[in-house]
Amino acid sequence: MPPLGQVSVRDVLDILLVAFLVYQGYLLVAGTRAVNVVRGILVFAGVWVAAQLLNLTTLSYLLGRAGTVGIFALIVLFQPELRAVLERVGRPRGRDTGASGAALQDLARAMERLAERKTGALIAIERRTPLGEYAATGVSLDALVSVPFLEALFARNAPLHDGGVIIQGSRVIAAGCLFPLQSSDGTYRRYGTRHRAAIGLSELTDAVVLVVSEERGSMRVALGGRLGPDLTGAELREHLRTLVYDPAGYSPLTDPAPEVQP
């Protein structure tokens, strides 16, 4: 222990590391429903500390018992959020998606044509997080991204129409996939299954999820658990270029896509 009033380099390093970890923890929960839970925990802890300082024995005992049970309850209740946080922490950095400009142009054009015909579509573009577990729920494919192929996959009454498509690099690796639905917390309750599946997958992974509305013929992007506004063809191309080629330029944690009314 250094003498009182004397701060060593190790102490400064310790403080900086703790501050960095707290800031990173904040970034992980920012924009999610876990923020309100964290605030509630802080209030609970403050009351418990106050009870300890004031020597309120009964209240301290009850809060201590409730806190022990509450930890396990929170783990069960927020299992999806905890999984998403751990996935982000362990996410590999700098993984090359390998998507070519031609593939992105074909993808954007296919989305435009599907929107014009009001044909529903759900497409996930893999980035750093592997989507193998979701691809395994559908039909395995290995085909180049092309406008006719994507149109055929989502054609009405086609066998794979209702599922999601997963794109890895410049290839379609699976179709008819099941994506996790966004939790029914009221935020996106008014949306249909296709939109909630897009939001749900984007909550648990860093995938760029594209969705075409069957009712409105609109094109939207889900990212980081948020659903963006309606896009034109030019806007969609710009989003794809930015998100796939320069993912650091658009962070779902610090710059979430705004929500608009359906």
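Is Thr242 buried or exposed? I looked this up first. Thr242 is buried, because its relative accessible area is 18% and the cut-off for buried is under 20%. I note that the model is a predicted one.

**Entry: around Thr242**

I placed Thr242 in helix H9, which covers residues 233-245. Then I followed its side chain. The side chain of Thr242 reaches the backbone oxygen of Glu238 at 2.9 Å.

**Entry: the whole chain**

I stepped back to the overall picture. The protein chain holds 9 helices and 7 strands. It has 262 residues, and 40% of them count as buried. I looked up the accessible surface too. It comes to about 14600 Å², with 62% belonging to carbon and sulfur atoms. I also checked contacts between residues at least 6 apart in sequence. Of these, 64% join residues at least 24 apart.

**Entry: the sheet**

In what order do the strands of the sheet run? I read the order as E2-E4-E3-E1-E5-E6-E7, an open sheet of 7 strands with mixed pairing. The edges are strand E2 (139-144) and strand E7 (226-227); each has a single partner strand, so one side of each is left without a neighbour in the sheet.

As background, I wrote down that strands of a sheet pair through backbone hydrogen bonds, either parallel or antiparallel. Then I went through the pairs.

- E3 (residues 164-168) and E4 (residues 171-177) run antiparallel and are joined by 4 bridges. Ile166 stands opposite Ala174 in E4.
- E1 and E3 pair in the parallel sense, over 3 bridges. Here Ala124 stands opposite Ile166 in E3.
- E1 and E5 run antiparallel, with 5 bridges between them. Ile125 faces Val208 in E5 as its opposite residue.
- E5 and E6 are antiparallel, joined by 4 bridges. Val211 stands opposite Arg220 in E6.
- E6 and E7 are antiparallel, joined by 2 bridges. The bridge partner of Ala222 in E7 is Leu227.

I marked two hairpins. E5 and E6 form one with 6 residues between them, and Gly217 in its turn has a positive phi of about 70°. E6 and E7 form another with 2 residues between the strands, where Gly224 takes a positive phi near 60°.

**Entry: two enclosed strands**

How many residues of E1 are buried? I found 5 of the 5, so E1 is largely enclosed by the rest of the structure. I split E1 by face. Ala121, Ile123 and Ile125 lie on one side, Leu122 and Ala124 on the other, and all are buried. This fits the general rule that side chains in a regular strand alternate between the two faces of the sheet.

E6 gave me a similar entry. Its 5 residues are buried, 5 of the 5, so E6 is largely enclosed by the rest of the structure. Met219, Val221 and Leu223 point one way, and Arg220 and Ala222 point the other way.

**Entry: helices on the sheet**

Which strands does helix H5 lie across? I listed E1 (121-125), E3, E5 (208-212) and E6 (219-223) for H5 (residues 101-116), which runs at about 25° to E5. H8 also packs on the sheet, touching E1, E5, E6 and E7. The direction of H8 makes about 175° with that of E5.

I checked the length of each helix. The 16 residues of H5 should span 22 Å at 1.5 Å a residue, and its end C-alpha atoms are 23 Å apart, which agrees. H8 (residues 193-204) has 12 residues and reaches 17 Å from its first C-alpha to its last, close to the expected 16 Å.

Then I looked up burial. In H5 the buried residues include Leu104, Leu107, Met111 and Leu114. In H8, 10 of the 12 residues are buried, so H8 is largely enclosed by the rest of the structure. Among them are Arg194, His195, Arg196, Ile199 and Leu201.

**Entry: positive phi in loops**

I noted first that most residues other than glycine have a negative phi. Lys118 has a positive phi of about 55° although it is not a glycine. Lys118 sits in the loop between H5 and E1. It counts as partly exposed, at 39% relative accessibility.

Asn157 also has a positive phi, near 70°. I found Asn157 in the loop between helix H7 (147-153) and E3. Is Asn157 buried or exposed? Asn157 is exposed, with a relative accessible area of 79%.

How values were computed
Residues numbered from 1 in each chain as written. Predicted model: local features only at pLDDT ≥ 70, side-chain atom pairs only at ≥ 80, totals over all residues. Heavy atoms only, no water. Buried < 20%, exposed > 50% of the residue type's maximum accessible area, 1.4 Å probe, protein only. Polar contact = N/O pair within 3.5 Å; in protein donor to acceptor, adjacent residues only side chain to side chain. Expected span 1.5 Å × (residues − 1). Pairing = 2+ DSSP bridges. Contact = heavy atoms within 4.5 Å. Axes fitted to C-alpha atoms, helices over the stretch in contact; angles between N-to-C directions. Areas by Shrake-Rupley, 256 points an atom, 1.4 Å probe, with all protein chains shown as cover.
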